[in-house]
Amino acid sequence: MQIPECKGRGLFFIADPHVAATPPGQRLEGYQEQVLAKIEACLIRAAELDMVPFFLGDLFNWPRDNPNSLLVELIAMFSPYKPFALVGNHDKYQARFTSDVSLAVLEAAGVIRVISEPGPAMVLNTPQGRVLVGGSPDASPLPSSFSRQEGDYVAVVWTAHHNVAFPDFNDKQIRLKEIPGVDYLVNGHIHRPQPSVRAGATLWCNPGNVARLTFTRRSKDRKPAAALWTPGCEDLERWIVPHLPFEQVFPDQEFPPEEAEESGASRFMEGLERLAWRRTREGAGLKQFLQANLNPESPETEIVWELYEEVIRG
Ligand SMILES: [Mn+2]
């Protein structure tokens, strides 16, 4: 299969922008304009640096309930740049990437190069030589190795949107190990930035998403950043995306208690707080949450259900 050839100094990675017309998570009104401004800033910066823009999955927050006006705006914005986009779990409807999802509309408009099947995605011609860029979209396998001949490429960069066991996420399924023939593996999906980890010849990177979606101290302390790859780099280089102060994009309220957030000891309280902090339409999951988390043997359970009934009736 013929893959596109591009020219540039490197790759400009933008992870998980989660574009949406209505604010996702705990974000306030104005989200659409804010996230589009971030993406545009990234595309302009990538062009200034002569780098190829590359979305690491979850371009959209919702796969297909996006107004046409938003799609038209994205088509106009992407048209001069033709960025690459790996398919993320949020880009799919009922776990499938079909012509029914918004990302497919952008692809049909010819303004974005979608990677919906695992494999080599492009050859990037850099001043240092040819670079093979591959991708494994959501739910597709990562390569166990990549075969290349001496002198074929100066580097092989593989992109992914997977549950990788980076240091903060020991319980995730995919272990960090060397992938012979792959020099860099750059992952989206895990929104919290992680330090890069070397496994043999493969450097595993997880730059973290450019949109802040959750109301936590961690989001408050974090500066959303894109990640720049150049041939031979020791690690990705961060580029802080211009963004509004935390206070302007999240509601003015208290954080959940420190213990629950940090220790992870009380998953129940953590989950319950998250539920309570979600506003309006997302609050409906309380009953489901209680059913899944309350221990029927425990004496408090009956009291919690009584309270629940009271709240629902009230
Ligand atoms: Mn995501």
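What follows walks through the two sheets and one helix of this predicted model. Residues are numbered from 1 along each chain as its sequence is written. Since the model is predicted, local features need pLDDT of at least 70 and side-chain atom pairs count only at pLDDT 80 or more, while totals for chains, interfaces and linings use all residues.

Helices and strands here are DSSP runs numbered from the N terminus (H or I, at least four residues, for helices; E, at least two, for strands). Strands are taken to pair if DSSP finds at least two bridges between them. One open sheet holds six strands, running β5-β4-β3-β2-β12-β13 with mixed pairing. At its edges sit β5 (113-115) and β13 (237-240), each of which pairs on one side only. From one strand to the next the twist averages 30°, with axes fitted to C-alpha atoms (for helices over the stretch in contact) and angles running from 0 to 180 degrees between N-to-C directions. Inside this sheet, β2 (residues 10-14) and β3 (residues 51-55) run parallel and are joined by five bridges. Across that pair, F13 faces F54 in β3.

The other open sheet has seven strands in the order β1-β6-β7-β8-β9-β11-β10, again with mixed pairing. Its edges are β1 (5-7) and β10 (194-199); each has a single partner strand, so one side of each goes without a neighbour in the sheet. Neighbouring strands are turned by 20° against each other on average, direction ignored. Here β6 (residues 119-126) and β7 (residues 129-136) pair in the antiparallel sense over seven bridges, and T126 has G129 of β7 as its bridge partner.

Then there is helix α1 (residues 31-48). Its 18 residues reach 26 Å from first C-alpha to last, close to the expected 26 Å, which is 1.5 Å times one less than the number of residues. Y31, V35, K38, I39, C42 and A46 are its buried residues, buried meaning 20 or more other C-beta atoms within 10 Å of a residue's own, exposed 12 or fewer, and partly exposed in between, with C-beta atoms placed from the backbone. Down the helix axis these buried residues of α1 fall within an arc of 95° (taken over the directions from the axis to the C-beta atoms), so they line one face. An α-helix has 3.6 residues a turn, so residues three or four places apart point the same way. On the other side of α1, E33 and E48 are exposed. The cover over the buried residues of α1 includes β2, β3, α2 (68-78) and β12 (225-229), contact meaning C-beta atoms, placed from the backbone, within 7 Å. Just past α1, D50 adopts a positive phi of about 55°.

How values were computed:
Two residues are in contact if their C-beta atoms, placed from the backbone, lie within 7 Å.
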